[in-house]
Structures are given as structure tokens and as C-alpha cells.
Amino acid sequence: MQPISSEVYLNGKLVDFITANLKKQGGTTATGFDFTLPQEDASFRKFWNQEVLFFINKSDAYPAFRGRVISTVVMGDREVQFQCADALGFLTGNYKAEVTLDDDKNIDGLTPSASIIKLIKMANLNDIIGTDYIGETNPIIQMDIMRGTYSIMGVIKEILSKVLTGDDTPRENMIRVIDDGKKAQLVFETKKDVDTVTPVKTYTYEDNIINFKVNDRKIPTTIIVQGANGMRASFRHSSAASALGENFLKVSNDQLESRAACMDWGQKVFNANLKTQYEYILDTFDGVYLEPNDVVKIIDDKTDTSGNYTIIGKSLSCGANVFRLQLTINKRPPILSNFTR
């Protein structure tokens, strides 16, 4: 393992932190980052909403986290914890950005990327959240007429629920935050299929696996599919429902023009989710730069867990005498639009 020398910058100033923790959960959840400072070095209020940069290694060209201070917590008599969120933090939570759409200002007929660019500008967030690299969804759709007040994240979720790919393996699009060295940038990506993508890293017990845990998760057993022109059908796997419980999922695919096509699509969505019944937590020291949607390979000759997995989350803790990396992985990106667990 190569030595790691991490750095934290608070309002442009390098600080001597005690511990730091980065947590990425993927999806539309904001990345969280917290760090602790000696209490005598902290004047809490003046740092609220100030920019925070975290570099895993001080030689890195781009920060692993760029965000803002959202709160501070006194930890005993000697330490203060600064809690931070990345660019998605402006689009989620109690103070999420909202915009009002009317006949003069709207996103009627725009593509998803053009819509998000316009909404970010309307919310006066373009100095904080970049859209230079956002790209288009796959497939590209046109926005419906929307009137009233909407959260920007609500619009993003609406977009993501409508852009399932139309191939044999139903996959959602996702929104990610990347850093260009100056600001956080939003990008659309299609979730990768582990069966066709070349893994970027391999893990074995001999080389870089410390521990491997398995978590069971709920999967949808009834898939309600909304097709074109009001066409609709439901697919229910009765055996799975008896064994795993009744769980429901609603998905949309405007390319489906018959009830049979909707039913077939529902079965494909169920099978895609069935492969992700188990989530795995991988403790390792290798892979600090991996991101959600990266694909890795696990080699384990003693169990049936060998194969390719997608990174869906990451947790990194570091400090003077602390280093811990946990990766949350799964077999294939699940289809979770409008699915409440």
C-alpha cells in the first residue's frame, strides 16, 4: 500500500485536520464529507457555506470532494466537526433549489441536458454547479409542458425515470458530479452493464481484499410498466413475491406500443433486479479513486461470489493513524425508478 497524505482546504486555506470522512452513496444522494479540527482553531459561524476541498493525496490534480460547509458540531471539549455536502446538496434536503415555470420561463420541448442547464441558471447556481460536460441522456427525450414550482432535483428524477435504455438489459441513466479543477460539474451517464464492460480493477483475498460482507436487499416483485399512448401492463413474479414479499416498482418506456411489449419489458426489469438481490461491502486498501458506476472484478475461489460488480457507493476515512476504505458493490445496476423500500 502506498502512503497517503491527504489535504483539506477550508475557504482556500489548508487546515490541519484530525480525521476526515468521505461518503458517496450514488444515485441522486449528495456526497457527504466531514472533518474535525481542534476547537481552538475553529470559529464556527464564519465558515458556514464556505467552500471545502478534500484531496486524497496532496499531489492530486483534482479534489475527491468539492462542497460547502452545511453545519458544525462540537465534539467534546477539544474538537469541532465540520459537516459538508457536494453540489447535489444544493438540489436536495430542506433547502433544495426550486424554480417556477410559466409561459415565459419554461423548459417545454427541451432535451434533458438543455433543461438542467436552464434550470441551474434560473436558480442562480451556475457559479457553483457546472453544466459544461453534462452531455445527453440515452435515449434523448423532449420535456413535457410543466407549469408551477418544481425542485430541480425533482425534475432530474423525472428525467431519469423516463430514459431507460431499450436494449435487452434495461438500464437507467444516472446523474454524477465530477470536478474540472475549478467547480463541480453535473454529467449524465448510462449505468454500466457488468456483463459487457471491462473491469477497471481486480480484487482477490491474496492481494487486496480485507473483508467481504453480504447484505440482503428488497427487490421489486411486481413491475408496473407505462408504455406509449396510455398503454400499461403489470408483470408479477408470484414465486418471488411469496419468498421475498410484495414490493412494487413503476417504470416508463415510451417505446412500448402494446400490452405484450410492456409485459415483456416488466419481466426484463424484474430479472435485472433479481441479479442485485445482494449488496456486498468490500473492505480494502486499494481503490480510493474508484467512483460509482465503475466496474470491478472479484476473484474468490472458495465461494460463488466471483464475477464483475458495479461500484454503487464508497466510504473513506483517514487521519493521523486512521485509514479505511469500504466499497459497496452489486452485480448489475438495479432499476429503482419510483421504487420505495
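**Cysteines and strands: reasons behind the terms**

Trainee: What makes Cys 84 count as buried or exposed?

Mentor: In this predicted model, Cys 84 has a relative accessible area of 5%. Buried means under 20%, so Cys 84 is called buried.

Trainee: How many disulfides does a search of the whole structure find?

Mentor: The search finds zero. Cys 84 takes part in no disulfide, and the nearest cysteine sulfur, that of Cys 318, is 13 Å away.

Trainee: Why is the sulfur of Cys 318 not bonded to that of Cys 84?

Mentor: The cut-off for a disulfide is a pair of cysteine sulfur atoms within 2.5 Å. The closest cysteine sulfur to that of Cys 318 is the one in Cys 84, at 13 Å, which is too far for a bond. As background, a disulfide is a covalent bond between the sulfur atoms of two cysteines.

Trainee: Is Cys 318 buried or exposed, and how do you know?

Mentor: The relative accessible area of Cys 318 is 6%. Set against the limit of under 20%, that value makes Cys 318 buried.

Trainee: What makes strand E20 largely enclosed by the rest of the structure?

Mentor: Strand E20 covers residues 307-319, and ten of its 13 residues are buried, so the description follows from that count.

Trainee: How do you know that E20 pairs with strand E3?

Mentor: Pairing requires at least two bridges between the strands. E3 (residues 19-24) and E20 are joined in the antiparallel sense over six bridges, so the condition is met. One pair of bridge partners is Thr 19 and Gly 319 of E20.

Trainee: Which bridges justify calling E19 and E21 partners of E20?

Mentor: E19 (residues 295-299) runs antiparallel to E20 and is joined to it by four bridges, with Ile 298 opposite Gly 307 of E20. E21 (residues 322-330) is also antiparallel to E20, through nine bridges, and Ser 317 stands opposite Arg 324 in E21. Both counts satisfy the requirement of at least two bridges. In addition, a hairpin of two residues connects E20 to E21.

Trainee: Why is Ile 224 called buried?

Mentor: Ile 224, in strand E15 (residues 222-226), has a relative accessibility of 17%. The limit is under 20%, so Ile 224 counts as buried.

Trainee: Which residues does Ile 224 touch, leaving out those up to four places away in sequence?

Mentor: Ile 224 touches Arg 232, Ala 233, Ser 234, Leu 249, Lys 250 and Val 251. Phe 235 is eleven residues from Ile 224 in sequence, with a C-alpha to C-alpha distance of 6.5 Å.

Key
Residues numbered from 1 in each chain as written. Predicted model: local features only at pLDDT ≥ 70, side-chain atom pairs only at ≥ 80, totals over all residues. Heavy atoms only, no water. Buried < 20%, exposed > 50% of the residue type's maximum accessible area, 1.4 Å probe, protein only. Contact = heavy atoms within 4.5 Å.
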